[in-house]
Each structure stands twice: as structure tokens, then as C-alpha cells.
Amino acid sequence: MNRFFHIKRLYSYILTTFIPLFLMTFVICLFLVLMQFLWKYVEDMVGKGLDVSVIGEMFFYAALSLVPMALPLAILLASLMMFGNMGESLELLAVKSAGIPLLTSMKPLIILVLGISVGAFFYQNNILPKIQAKNYSLLISIRQASPELEIPEGVFYKDIPGYNLYVGKKDQKTGMLHNVLIYDVASGFNNMAVIICDSAEMSMADDKKMLIFTMYSGQQFQNFQQGASSSSSRYNNDFVPYARENFDTKSMMISYDANFNRIGEDAIEGNASSNYVSKNMSQLTASIDSMSHIMDSVNLVDRKMMKNYSYLSFRNSYPADKKDSLVSAAQYISVEVPSPDTLLQSKQLSDQSAILQNAYMKADNNNNEFLFRSLNKTSTQRTINRHWVEWHRKFTIPFTCLIFFFIGAPLGSIVRKGGLGTPIVISVILFIIYYIVENVGYKMTRDGVWVHWFGMWFSSFILLPIGVFLTYKAMNDSVIMNADTYVNFFKRLFFIRDKRKYPVKSVIIEKPDYEEIARSLSDLSRRIDLFLDRYGHLSYKGYWTDINYNKELRSIRSSLEIILNTLSNSRRLEVLSKAEEYPIIFNVVRIFNPGSIPAKICMYLFPVGIIFRLLSLHLEWTTRKDLRNIQQLNGELIHILEGTYEPETIALA
């Protein structure tokens, strides 16, 4: 009953801590992805004169459509911060000390994240298609809106359709334009008009559909080609007459719609290249089935059409049971064509030209027809792929939320760093990896390189093993995030060993028994002799099957450490100095335990087994060298303990 009460309080504490943290991180992540959206579409919004309500509506729809992208990142960051804070404040240690496993403490959050994932699925299937239809229709309306006329000085302005406008100077107070040059190509280049004036005013009609230019003190030049005959002389072709007009005041009206015209959502649904964003799962499935049926029908028609061409009709004369074999055999049979072709040479020259021209035209028409049909099929297949992308995303995003929780929670309990510093760095790195991998799968699926289920679940295939591995390590109190673990690994990899340090202790509780230590050293030297005699040259088979090698080496290493720990209580400087000369024997690490089934498999797979065996030779050679050095140091230390050590005599020996 007491245990149940503690678990209930733990669950309540975890939920009340995680939910506000998740909401905070979700708002932060949504803001970040919304800023990415703003940077992507800022050029489409600048200079359009849009109302604040339109911009606010666009951001509202964009925020709702970006919820599936922000949700996994928010779960990852919140779980990292939650369990990182608990680890840093030793709360996880207290939970484990109470006999509550990590997975049990994660149970309420697993249920909560599972509920969020289910909600994300229904959100994407039922709500997001309607939001995306509104969002895309609004974006298209904004893109099609005409920009505000902010005409710069000293450069040609080309945003008015059919006109190029140059302004030498602009009065910022009155809006008057000076030294104006206008190229009017709205009626075509042959009817181009050029207008030069000292000054001009620009205004907009009340309905914002007409642009009014009022020009002062200028001239107009316009091409004049009325009545030009098609049989004109070379002189007339080189010379184009024009009309010239001087004016004091002249007004010109240009069609220019400056209003914001919203298109309907049905425009998105009727566009085959983007209508997949406004469909739920059942609609996507129906569209995929119908388009696949059309593709199959088109392919069947193409095969029948190619079969009926004359240069492929030879297949029809073959027996049905031998048609495939004869066709395949024809690839290796040389066909002799008379050179020159007597049938073609027998025709008149004009007939030969007509025959060749007719053949070329037929071949070119067939090529264009099949190219057009191929492009049409490619476009249809690409649309099918985009439908499959949206279909799978309704499952991959919720599943990614679960995976990110099983990455963030164990990683937070391992790292044991709370706050916003370390969790944000780790979250950003993991999310960037996920974003790159997910985009690779998306583009491969969109282009038809990978099958749709593999491409869209590719990121899940990569992240799922990471989540399982981190959860397993966190449940077993792993030290994978401890820097000393990796330092020791690289030291062992490059055979870098620390030196022993035995300073004189100020307080000694138990004095060493030198006679007993001398007997232990002599016994250790005999054990080393037996080990070297037996394993001086370990055979290939013994490397994979002998289970006693590691046991005896660990026993020797353990005995040596016990003796040296006892000697560390000595006050004799020569004894401590000699003890510091002993090497540190590495633990023997093998890929598989000797005698196990994987070890036997590697033994019989000679390329693999030989590689591992060769890599272990240097460590074995170093181990034998250390053991011989230990034997020599044992003899010297025994002489020191007995008081008969003579450095010169030992050195000569």
C-alpha cells in the first residue's frame, strides 16, 4: 500500500511537471518553425500593401499547418528537460533507490505521449487538410496580388505589365516624378511607343484597377506600320516609320489591378499538382486507386500501339508458344542488309527523296507522340507519389512523436543536465539529423527512386534503434555520456596507460606484512611462468574457443592489484618507488566471448576471424611483455623487502 501511494504521488508529480513544460516548448518550437515559414515567403508579402488582417490570417493558418513539424521537436525537448532536471536534482536516483524502475516512472508520460500521437493522427487526417486548403489558397492569392508602386530612382522599373519606366529624380514630398522615360510595349514590340517628359504625376483610380499617368512637357514616338505591304522592298524592311507627338499635358491610363483578390479553396482542390494537401486518408486512397487505374490503362494502350507498328509486327507471325524464345534469340542473330538497298535504288530520285522524307516525318511524329505520352505518365506518377507522401505522413508524424519521447526521456536521465542549455543543443542536433534523413526519404519517394513505404518510413527506421538503445542503456544505468568512458576507451585503443602513484600516507591503519607479500610475489611469478608456458603463442582456434585465457589473466591482474594496494600502506620510499614501476595490465576485450556461438561462427568465417585475430596480436604481445616485466620487478621488490637489494648487482645480472 505504501509503495502504491509513492508511485501515485510520483505519477502526479511527473504529469504536473511535464505538461506545462511541454506546452512551453511547443510554443517555442512552433515559433521557430513559423519564423522559418516567414523567411521562406517574406518576398511574396513585401510590397503588396496587404492589410494587417490578411497577414494575421496567413500566420494563423501557417501556424496550424506547422503543428505536425513542431510537435515531435517539442516532445523531444520537453522530455529531455524533464528527465534532465530530475537527474540533476538526484530525484531519479531517489526513485530508483525506492525500487521503482525507470520504465515504470515513465509510464504516465508514455500514456500521455501515446494520446498526443493519436490526437496528431486525427488532427492530420481530419483538420489539417481543411487548414492547408485555406493556407495554400491564401498564399496563392498573396503571390498573385500586384505589388505597390514604389518606383526607384535611376533604374528601370518593370513591375507594371507591358511598360518599362525610368525616373531620373523623385520628389519625396509631392510625389512628382522628373526626367521620366516610358517604353510602352503593351501592344507588341512592332507597335512600341516611347514617351519622354520633363515631369509626371502618378495616381490610382478609385477602384484601384487603373493607373493614371499625367505627363507634362514631353514627346511621344510610336512605330507607324499601318498599310505596310508584305511585298515591301528591302528599304522598307530596314526602315520603320514612326509618329511623333509633342504635348504640354498628356494623360495615359494603364490597366493595373492593385486590389487583393482572394481565390477560392476549390481552386486548390481542382489543381492536380497540389490537391493532395486538402485530402484525408480515404480521399487520398481513392485518388491513388483512380490514378493507378488510369496509368495501367495508358500503359496498356501504349503497348498495343507499339505492337501494331510495322517495324514491330514481325512478332505476330511467330507461334504463340515460341514467340518469346524467338524474340530473345533474334537479339543474337546478325541480319544482313544489302548495301546499297536495291529496292530503294530502283526508285527514281524524286521518289527516293519522298520515301526518305516520309519515313523521317513518321519517325519524328512517333517520337514526339511517345515523348508527350511519357511526360504525361511521368507527371501522373509524380502526382501519385505526392499522394503517397501525404498518406504515409499521417502515420509517420505520430510515430515520430513516440520515438522522440523514447529518445529524449532516456537521454535526459543519462545526461542529467536540466535547464535550456544542454537539452536545446542535443534537441537541435537530433532534430537536424531527423530533418535531413526525413527529407532524403521524402525526395526519394517523390521522385520515384524508392518505394513509397520505405522512403517515408526511412527516418523511423533510423531513429527507432536509437530510441531502443537509449532506453535500454538508461534502464541499466549506462555511462555512455560519461567522458571518462571514452577517454579510457581511446587510451586502451592506442595502448596509453596511466602511471601508478603511491604517495606516503599520513595515517596507516594496517601495516603491510613484508614476509607475506614476498611469498605472494614469488607465487605470482610462478603463476606467470605457467601462464606464459601455456599461452606463449595462442593458436587461432584457442583465440576463439579457450575460455581459460581471460580468466587466468584476470586472476593474475587481480592478485597483482591486491599486493600493490597492500604495499601502498608502506612508509619505505624504496618500496613505494618500486611499486610505482609496475605496469597496468589491460583488460582483455574481445568482440565475442570465447566458446560462444558467435565466436565459433567468426572462427569458421576465415576472412572475418583472421582480421580480428590479427588485430589482437599487438595486445597479446604487449600483455606478455608486461608479464615478463612484472616477474623482473617481483624479484627486485623481494630483494628490497628482504633488505638485500643491490642495484648494481641486479643491473649486471
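Student: In what sense do S4 and strand S5 pair, and over how many bridges?
Tutor: This is a predicted model. In it, S4 pairs with strand S5, residues 210–223. Ser203 stands opposite Ile212 in S5. The sense is antiparallel, and the count is 11 bridges.

Student: Which residue in the turn between S4 and S5 has a positive phi?
Tutor: S4 and S5 form a hairpin. Five residues lie between the two strands. The one with a phi of about 60 degrees is Lys208.

Student: Over how many bridges do strand S3 and strand S4 pair?
Tutor: S3 covers residues 177–184, and S4 covers residues 193–204. His178 stands opposite Ser199 in S4. Asp184 stands opposite Ala193 in S4. The pairing is antiparallel, over seven bridges.

Student: What is the order of the strands in the open sheet?
Tutor: Strands of a sheet pair through backbone hydrogen bonds. Here the sheet has six strands with antiparallel pairing. The order is S1-S2-S3-S4-S5-S6.

Student: Why is one side of S1 and of S6 left without a neighbour in the sheet?
Tutor: S1 is 156–157, and S6 is 242–255. Both stand at the edges of the sheet. One side of each is free because each has a single partner strand.

Student: How many helices does the protein chain have?
Tutor: The chain has 653 residues, and buried ones make up 37% of them. Among contacts between residues at least 6 apart in sequence, 72% join residues at least 24 apart. Beside six strands, the chain has 23 helices.

Student: Which helix gives the most residues to the largest nonpolar core?
Tutor: In soluble globular proteins, nonpolar side chains tend to be buried together. The largest nonpolar core here has 69 residues, and Phe22, Leu30, Phe37, Leu71, Ile75, Phe83 and Ile407 touch the most other members. Several helices supply at least two residues each, including H2, H3, H4 (91–97) and H15 (458–475). With 15 residues, the top contributor is H1.

Student: What is Leu71 in contact with, leaving aside its neighbours within four places in sequence?
Tutor: Leu71 is one of the core residues that touch the most other members. Its contacts, with those neighbours left aside, are Phe22, Phe26, Ile116, Ala120 and Cys401.
There is also another core, apart from the largest nonpolar core, with Leu524, Leu560, Ile563 and Ala579 among its 34 residues. But for Leu71, the names to keep are Phe22, Phe26, Ile116, Ala120 and Cys401.

Student: What separates the C-alpha atoms of Phe59 and Leu38?
Tutor: Phe59 is found in helix H2. Not counting residues up to four places away in sequence, Phe59 touches Leu34 and Leu38. Phe59 and Leu38 are 21 residues apart along the chain, yet their C-alpha atoms are separated by 8.5 Å.

Student: How much space lies in the largest pocket?
Tutor: The lining has 32 residues, and the closest to the pocket's centre are Lys40, Leu66, Met69, Tyr136 and Arg393. By class, the lining has 19 nonpolar, six polar and seven charged residues. The space in this pocket is about 1000 Å³.

Student: Which helix gives the most to the lining of the largest pocket?
Tutor: H1 (2–45), H2 (52–65), H3 (67–88), H6 (107–144), H12 (349–415) and H13 (421–446) each supply at least two lining residues. The top contributor gives seven residues, and that helix is H13.

Conventions: Residues are numbered from 1 along each chain as its sequence is written. This is a predicted model: local features need pLDDT of at least 70, side-chain atom pairs count only at pLDDT 80 or more; totals for chains, interfaces and linings use all residues. Side-chain values use heavy atoms; hydrogens and water are left out. Two strands pair if DSSP finds at least two bridges between them. Helices (H or I, at least four residues) and strands (E, at least two) are DSSP runs, numbered from the N terminus. On a 1 Å grid over the protein atoms alone, a cavity is a set of points where a 1.4 Å probe fits but cannot get out, and a pocket is an open set with protein on both sides within 12 Å along at least five of seven lines; lining residues have an atom within 4 Å of a point. Grid points are joined across faces, edges and corners, and a volume is the space filled by probe spheres set on the points. Ala, Val, Leu, Ile, Met, Phe, Trp, Tyr, Cys and Pro count as nonpolar, Asp, Glu, Lys and Arg as charged, and the others, Gly among them, as polar. A nonpolar core is a set of buried Ala, Val, Leu, Ile, Met, Phe, Trp, Tyr and Cys residues joined through side-chain atoms within 4.5 Å. Buried means under 20% relative accessible area, exposed over 50%, partly exposed in between (1.4 Å probe, protein chains only). Contact means heavy atoms within 4.5 Å.
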